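These are my notebook entries on a structure that I looked up piece by piece. I wrote each entry after checking one topic, and I kept the order in which I went.

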Amino acid sequence: MYFVMDSIIKNWSAQIRKGYLDLSILTLIDVENKIYGFEIISKLKNLGIEIKEGTLYPLLSKMTNQELLKTKWETEDIKGHPRKFYSLTPKGKQVLLAMENKYNEMATKLEKIKKSKIKKED
Amino acid sequence: MNNKKLDRYLGLMEKNLGAISASEKAEIILEIKSHVLDALENSESTISEILASLGEPEQVANKYLLDRGLKPQKPSKRPIFKWLTIGFLGTFFLTLLFILILFFRFTPLVKINSNGIYLFNGIISLSSSSSNKKELNKIIKKRIKTKKLNLSDILVTTNNIKLNLSNSDDDIINIDCKYNGDAKIIQNSNFVLNFKNSEDAECNIIVPKNIKLKINAKNGKINFEDIENNIVTNLKNGKINFKDIQGNVSANLKNGKINFGPKTNTMYNYNLSIKKGKMDEFKSSNNPNAYKINLHVKNGKITK
């Protein structure tokens, strides 16, 4: 019984994840203003959001191509290795805002559904 | 920092990034390398573990391709599969060709006609005649009076022949032949029996005495027995038998055997030649009345 439930939840989580992941990454970049790949992974992991490294980098590349992100290579000091830093473009900020609104809308609607039931029972 | 595993990983990734431009490829590789270096600095993981958590280089490269709307490169199959497929298809088509050839060559499976039973389109034949020859399905039987014709000679030309010649007591040419194909008989100052357009013939011909006989054949056996005629004969391959001849003989045989049986109490002057082969001893006579016997064989024998 629990095995079946487990797989149902797993499937649903996977579906939700995709959209949620994009939103999480854009939000993180917005908050940090300027951040590089390894940092993104570490911070998301600390927040309990698991992402495979092999998935993140291609995704960042895609968002950059979509002009949501802009990039800059920086080296910490003479001895360090170069790192690619990401930050939001104006377009990226707009998209983030739209996503947040959509996300809140969905949460609100969900609440409405619950409340509608309570009303009936009145 | 020098690490074979990392270099190999990055190399594989680069190979699988395919259609992406060189500069973009370089940037991707550099970022992944940068990630690995950060991971090494900031965690206890080994290179292998870090690369494992990145995933297969081909798969990571494919994700880059997919996100750009490009087709991911197919994992290269080992060439053995390609060659196995070629081998299999090749064998299949060769077998098909072989079967087709068999079909056309060996059908009809059974054919029965007046000549016999033929299996597999003639490969196996159970025919009534045991010989290889085509059936001699035509017959000539003729008696020709020659007195009024004033014949100078009788000429027979054939291909493959079994010919027996002997003398008649009168002036009649008696032809009794079995043959296939075509035969021509021409009667004017010489009598011509032409079997050139037939393959095989078997003839018994009785000729009057004292008319010149000219016999030309390709292959076969010619028997002259008890003949009082001058004979000229040319045979390519086969056997010529002379027995009890009273006349001049000129015989040319390319390959085969000439057998000359002299008539008792008759004088012959022999002129024999053989290029390759054996010759028996013949007693030659210098008498001017002796019959001149010229026998020439290229390869073969001249026997008594």
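**Entry 1: two asparagines with positive phi**

I began with Asn265(B), which sits in the loop between β13 (249–261) and β14 (268–279) of chain B. The model is a predicted one, and in it phi of Asn265(B) is near 60°, a positive value in a residue other than glycine. I then looked up how far Asn265(B) is covered, and noted that with a relative accessible area of 84% Asn265(B) is exposed, because exposed means over 50%.

In chain A I found Asn33(A), which has a positive phi of about 70° although Asn33(A) is not a glycine. Asn33(A) is placed in the loop between α1 and β1 of chain A, and I recorded Asn33(A) as exposed, since its relative accessible area is 54%.

**Entry 2: the outline of chain A**

Having come to chain A, I wrote down its elements, which are four helices and three strands. Read from the N terminus on, they follow the order α-β-α-α-β-β-α. I also noted that chain A has 122 residues, of which buried residues make up 30%.

**Entry 3: salt bridges**

How many salt bridges does a search of the whole structure find over all chains? The search gives 13, and I followed several of them.

In chain A, the side chains of Lys34(A) and Glu74(A) form one of them, with an N to O distance of 3.1 Å. Lys34(A) belongs to the loop between α1 (2–32) and β1 (35–36) of chain A, while Glu74(A) belongs to strand β2 (residues 69–75) of chain A, so this pair ties together parts that are 40 residues apart in sequence. I noted Lys34(A) as partly exposed at 42% relative accessibility, and Glu74(A) as partly exposed at 24%.

In chain B, I looked at Glu228(B) and Lys209(B), whose side chains meet in a salt bridge at 3.6 Å, N to O. Glu228(B) is in the loop between β11 (212–227) and β12 (231–245) of chain B and Lys209(B) is in the loop between β10 and β11 of chain B, so the parts tied together are 19 residues apart in sequence. Glu228(B) counts as partly exposed at 29% relative accessibility, and Lys209(B) counts as partly exposed at 34%.

I then turned to a group in which salt bridges share partners, and these join Glu76(A), Arg83(A) and Asp38(B) into one network. Within this network, the side chains of Glu76(A) and Arg83(A) meet at 2.8 Å, N to O. Are Glu76(A) and Arg83(A) buried or exposed? I wrote down that Glu76(A) counts as exposed at 61% relative accessibility, whereas Arg83(A) is buried, with a relative accessible area of 9%.

**Entry 4: the disulfide**

My next search was for disulfides, and the count over all chains comes to one. I reminded myself that a disulfide is a covalent bond between the sulfur atoms of two cysteines. Here Cys177(B) is joined to Cys203(B), with an S to S distance of 1.9 Å. Cys177(B) lies in strand β7 (residues 172–179) of chain B and Cys203(B) in strand β10 (residues 200–207) of chain B, so the pair ties together parts that are 26 residues apart in sequence. The torsion about the S-S bond is about 120°, and therefore the disulfide is right-handed. I recorded Cys177(B) as buried, with a relative accessible area of 0%, and Cys203(B) as buried at 3%, because buried means under 20%.

**Entry 5: patches on the surface**

Lastly I looked at surface patches, starting with a nonpolar one of about 720 Å² in chain B, whose residues include Leu109(B), Val110(B), Phe120(B) and Ile124(B). The elements that give two or more residues to this patch are β1 (110–113) and β3 (124–127) of chain B. Val110(B) is found in strand β1 and Ile124(B) in strand β3, and Ile124(B) counts as partly exposed at 36% relative accessibility. I also noted that Ile124(B) and Leu109(B) are 15 residues apart along the chain and that their C-alpha atoms are separated by 10.0 Å.

Which residues gather in a patch of positive charge on the surface? I listed Lys196(B), Lys218(B), Lys236(B), Lys254(B), Lys275(B), Lys276(B) and Lys298(B). Of these I followed up Lys298(B), which is in strand β15 (residues 291–303) of chain B and is partly exposed, with a relative accessible area of 36%.

Key. Residues are numbered from 1 along each chain as its sequence is written. Chains are lettered from A and ligands numbered from 1 in the order in which they are written. This is a predicted model: local features need pLDDT of at least 70, side-chain atom pairs count only at pLDDT 80 or more; totals for chains, interfaces and linings use all residues. Side-chain values use heavy atoms; hydrogens and water are left out. Patches are made of residues with over 30% relative accessible area and no salt bridge: like charges are joined within 9 Å, nonpolar side chains (Val, Leu, Ile, Met, Phe, Trp, Tyr) within 5 Å. Accessible areas come from the Shrake-Rupley method with a 1.4 Å probe; for residues, only the protein chains shown count as cover. A salt bridge is a side-chain nitrogen of Lys or Arg within 4 Å of a carboxyl oxygen of Asp or Glu. Lys and Arg count as positive and Asp and Glu as negative; His and the chain ends are not counted. The place of a charge is taken as NZ of Lys, CZ of Arg, CG of Asp or CD of Glu. Buried means under 20% relative accessible area, exposed over 50%, partly exposed in between (1.4 Å probe, protein chains only). A disulfide is a pair of cysteine sulfur atoms within 2.5 Å.
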